[in-house]
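Work through the exercises below with the sequence and the model at hand. Each task is followed by its solution in steps.

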Amino acid sequence: GLFLWVGSILEKFQEKMSKSVRKVVEEARDSGNPELDLQDKQITSLEEVSGLLSMEYITRLSLPHNRLTRVPPAIANLINLEILNLFNNIIEELPTSISSLNKLRILNVGMNRLDALPRGFGSFPVLEVLDITYNNIAEGEALPGNFFMLESLRALYMGDNDFEVLSPDIKNMRNLQILSLRDNDLIALPREIGELTRLRELHIQGNRLQVLPPEIGQLDLLGNRCCFRLESNPWLPMIADQLLLGPSHVMDLLRNESYKFLYQKHIGAGSQPPPKNFEAKNRKISRKRETA
């Protein structure tokens, strides 16, 4: 009895939800409103939203806090899309066709279950903000070859993933102002980060870093609109001591000749990186839960 009752309540709820979704879509179509907000509507598939994938004129599509498991290739039909928000779904992969959205400026796929980005992903011509926070992405095969060709990017949020290294090709993203790499497994940063002259925010807290490339000392990360976060790393004592006094002291250290010498020595020694924190990783929501 109870199960049937709960089942019928759920059914009614879903019916109500799909009606409200239909209403939003129809209103947008009738009024020609280019912005569609479908957050938190229990949507499990975009195909079930009748007519959505043929609304060529929409410029903004918000679908956070739904139950989407995939994005259909037909997303590419929305040729005028400038903002696509898929935050907090259960998406496991993106279609290669997504990068043919030539007008896309902001893409948020944070808090999903992605372990890779599709090939060709780096070909968005005007993408300015990319948020892939809180997924299960690592370097290597998980990032397509052209990923670092996203020259128009101004903000890249890659926190809470599984990166151990960052490609030196990061230097191609020369318009980056914000780079968030917090809570990954990074054991080193490439010297090429120092070439990102427009960078104003660098978030590297919660990794496995022991040293920083001296080139970071060339960046402007200390102004009143800047942010340099580097706590919760197993820093060598030299950096740890300066960090107690504040990030500006770390920046001074990086510009110091004796530090450059020590950095070279540390890199040359090829010592074992600190261990991973598996426990924290396995607590992540984005980890696939094995159903009992």
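**Exercise 1. Decide whether Leu2 is buried or exposed, and find what surrounds it on the surface.**

Step 1. Leu2 has a relative accessibility of 58%, so it counts as exposed. The classes are buried for under 20% relative accessible area, exposed for over 50%, and partly exposed in between (1.4 Å probe, protein chains only).

Step 2. Leu2 belongs to helix H1, which covers residues 2-31. Helices (H or I, at least four residues) and strands (E, at least two) are DSSP runs, numbered from the N terminus.

Step 3. Together with Trp5, Val6 and Ile9, Leu2 forms a nonpolar surface patch with about 420 Å² of accessible area. Such a patch takes residues with over 30% relative accessible area and no salt bridge, joining nonpolar side chains (Val, Leu, Ile, Met, Phe, Trp, Tyr) within 5 Å and like charges within 9 Å. A salt bridge is a side-chain nitrogen of Lys or Arg within 4 Å of a carboxyl oxygen of Asp or Glu. Areas come from the Shrake-Rupley method with a 1.4 Å probe, and for residues only the protein chains shown count as cover.

Note on the source: this is a predicted model, in which local features need pLDDT of at least 70 and side-chain atom pairs count only at pLDDT 80 or more, while totals for chains, interfaces and linings use all residues. Residues are numbered from 1 along each chain as its sequence is written, and side-chain values use heavy atoms, with hydrogens and water left out.

**Exercise 2. Describe the chain as a whole.**

Step 1. The chain holds five helices and nine strands. Read from the N terminus, the order is α-β-β-β-β-β-β-β-β-β-α-α-α-α.

Step 2. The C-alpha trace spans about 70 × 45 × 35 Å along its principal axes.

Step 3. Of the 292 residues, 44% are buried. The accessible surface is about 15,000 Å², and carbon and sulfur atoms account for 51% of that.

**Exercise 3. Place the annotated domain on the model.**

Step 1. An unreviewed UniProt entry carries the annotation "domain: Disease resistance R13L4/SHOC-2-like LRR" for residues 122-224. UniProt positions are given in the numbering used here, feature names are shortened, and annotations may be inferred rather than shown by experiment.

Step 2. In the model, residues 122-224 are 0% helix and 12% strand, and the end C-alpha atoms of this span lie 32 Å apart.

**Exercise 4. Compare the surroundings of Tyr57 and Leu101.**

Step 1. Tyr57 sits in the loop between strand E1 (35-37) and strand E2 (60-62). Its relative accessibility is 30%, so Tyr57 counts as partly exposed.

Step 2. Neighbours within four places in sequence aside, the contacts of Tyr57 (heavy atoms within 4.5 Å) include Ala28, Pro34 and Asn80.

Step 3. Leu101 is in the loop between strand E3 (83-85) and strand E4 (106-108). With a relative accessible area of 0%, Leu101 is buried.

Step 4. With neighbours within four places again set aside, Leu101 touches Ile75, Ala76, Leu78, Leu81 and Phe124.

**Exercise 5. Which residues make up the aromatic cluster that contains Phe124?**

Step 1. Rings of Phe, Tyr and Trp (its six-membered ring) pair if their centres lie within 6.5 Å; planes under 30 degrees apart are stacked, over 60 edge-to-face, and the rest tilted. This rule gives four aromatic pairs.

Step 2. The ring centres of Phe121 and Phe124 are 5.2 Å apart with planes at 85°, so this pair is edge-to-face. Phe147 and Phe148 also pair edge-to-face, at 5.0 Å centre to centre and 90° between the planes.

Step 3. Phe121, Phe124, Phe147 and Phe148 form one cluster.
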